[in-house]
Amino acid sequence: MKGLLYKDFLLSRKYYTAVSGVFLMFAGLFAMVRMSMLWGNIAAAPEAVAELTGSLWILRYVPCLIITIAFAADGGAVFADYQVNWVRFCSTTAVGEYRTAAAKLLSRLIMETVGFAAGVLYVIVFCAIGNESLTWGMIGNVAICFGVGEILGMLYIAAGIWFQKKQTVELIGMAVMGLGTMIPTTILMINMDKYADDAEMMAKLFKTFMDIKDMLMPIVMIAAVVLTVLCYFAAVYGLKRRDN
């Protein structure tokens with residue numbers, strides 16, 4: 001198992017380095033915006049401060065969402081296994097489909113946990129900059145990002161094993177995410193004229209999220225657990241197919 005995990009991490013190291021850099025870039029940028037709101041150029045413009053304060057949750061949680069969603073993918077390691085006939089080779093060894101599938105899903109869980117820890121650390125730093133108290137609610141919001149990333153990660157592995165081609169999985173992922181964002185985006189566009197400005201719209205969106213967060217948290221976590229189990233057996237069945 002350790003060898004399988006090491007192989008996947010080794011194949012994905014460049015991807016993890018790249019997305020970690022993107023996370024750090026956004027985290028640093030948003031932290032500097034927060035500091036500018038308090039002591040810099042933005043602080044000299046009360047209207048800008050008021051607008052950014054209304055959408056402060058974006059500055060606080062977008063980097064968390066970036067790192068957890070990015071770590072849902074493995075940088076193509078699952079597809080590389082098929083390109084070099086690693087899966088076929090494993091079928092001739094003592095490494096069975098159950099262990100191979102478990103290693104793939106476990107690697108996603110490990111990286112999502114790393115992403116969650118990075119997200120919590122960023123929120124702690126962000127709160128320290130603004131002299132805010134860290135609350136369990138803030139950690140819960142990062143946990144929701146973790147749950148969403150976990151769901152996407154499990155689906156990514158299962159789809160990768162079934163379809164075996166990166167382009168196919170990416171097209172399916174874009175289609176699913178497009179459909180998932182189409183409805184809320186349409187509703188937002190229809191009701192946009194009800195808001196006086198972008199700050200009011202962002203504040204309303206955050207209030208809506210806070211109203212449903214207590215219900216959303218258990219739904220996301222239960223869905224993550226259920227899909228992890230289902231995707232594990234789907235991955236095992238996919239690895240057992242003769243066309244591997």
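This is a short guided tour of the predicted model in your viewer, one selection at a time.

**The whole chain**

Begin with everything shown as a cartoon. You will find 10 helices and 0 strands, so the color scheme by secondary structure can stay simple, since strands count 0 by the DSSP runs used here. Of the 244 residues, 36% count as buried. Among contacts with a separation of 6 or more, 84% join residues 24 or more positions apart. If you switch on the surface, its accessible area comes to about 13,700 Å², and 72% of that belongs to carbon and sulfur atoms.

**Stop 1: helix α2**

Select residues 13-39, which are α2. This helix has 27 residues and reaches 38 Å from its first C-alpha to its last, close to the 39 Å expected at 1.5 Å a residue. Now show side chains: Tyr-16, Val-19, Phe-23, Ala-27, Phe-30, Ala-31, Arg-34, Ser-36 and Met-37 are buried. A helix has 3.6 residues a turn, so residues three or four places apart point the same way. What covers the buried residues of α2? Add α1 (2-11), α3 (46-54), α4 and α7 to the view, as these are included in the cover.

**Stop 2: the largest nonpolar core**

Keep α2, then add α4 (56-70), α7 (97-129) and α8 (136-163); each of these elements gives two or more residues to the largest nonpolar core. That core has 22 residues, and the members touching the most others are Leu-59, Cys-64, Phe-71, Tyr-122, Val-123 and Val-142. Center on Leu-59. Setting aside neighbours within four places in sequence, Leu-59 is in contact with Phe-30, Val-33, Met-37, Tyr-122 and Phe-126. Two of the names from the previous stop, Phe-30 and Met-37, are among the buried residues of α2.

There is also a second, separate core of 18 residues. To find it, select Ala-73, Val-78, Ala-101 and Ala-158, which are included in it.

**Stop 3: a network of charges**

Next, select Lys-7, Asp-8, Asp-81 and Lys-104, which are linked in a network of salt bridges. Side chains of opposite charge can pair when their charged atoms come close. Take the pairs in turn:

- Lys-7 and Asp-8 meet at 2.8 Å, N to O.
- Asp-81 and Lys-7 have their closest N and O atoms 3.0 Å apart. Asp-81 lies in helix α5 (residues 77-83) and Lys-7 in helix α1, so this pair ties together parts that are 74 residues apart in sequence.
- Asp-8 and Lys-104 meet at 3.0 Å, N to O. Here Asp-8 in helix α1 is linked with Lys-104 in helix α7, 96 residues away.

Are these residues buried or exposed? Asp-81 and Lys-7 are both buried. Lys-104 counts as buried because its relative accessibility is 4%, and Asp-8 is buried at 5%. A search of the whole structure finds 6 salt bridges.

**Stop 4: two residues of α7**

Stay with α7 and select Ser-107, which is in this helix. Ser-107 is buried, with a relative accessible area of 2%. Leaving aside neighbours within four places in sequence, its contacts are Leu-5, Asp-8 and Phe-9, and Asp-8 is a member of the salt-bridge network you just visited.

Now select Leu-109, also placed in α7. Leu-109 counts as partly exposed, at 34% relative accessibility. Add Met-1, Leu-106, Ile-110 and Val-114: together with Leu-109 they make a nonpolar surface patch of about 360 Å². Turn the surface back on to end the tour there.

Notes
Residues are numbered from 1 along each chain as its sequence is written. This is a predicted model: local features need pLDDT of at least 70, side-chain atom pairs count only at pLDDT 80 or more; totals for chains, interfaces and linings use all residues. Side-chain values use heavy atoms; hydrogens and water are left out. A nonpolar core is a set of buried Ala, Val, Leu, Ile, Met, Phe, Trp, Tyr and Cys residues joined through side-chain atoms within 4.5 Å. Buried means under 20% relative accessible area, exposed over 50%, partly exposed in between (1.4 Å probe, protein chains only). Helices (H or I, at least four residues) and strands (E, at least two) are DSSP runs, numbered from the N terminus. Contact means heavy atoms within 4.5 Å. Patches are made of residues with over 30% relative accessible area and no salt bridge: like charges are joined within 9 Å, nonpolar side chains (Val, Leu, Ile, Met, Phe, Trp, Tyr) within 5 Å. Accessible areas come from the Shrake-Rupley method with a 1.4 Å probe; for residues, only the protein chains shown count as cover. A salt bridge is a side-chain nitrogen of Lys or Arg within 4 Å of a carboxyl oxygen of Asp or Glu. The expected span of a helix is 1.5 Å times one less than its number of residues.
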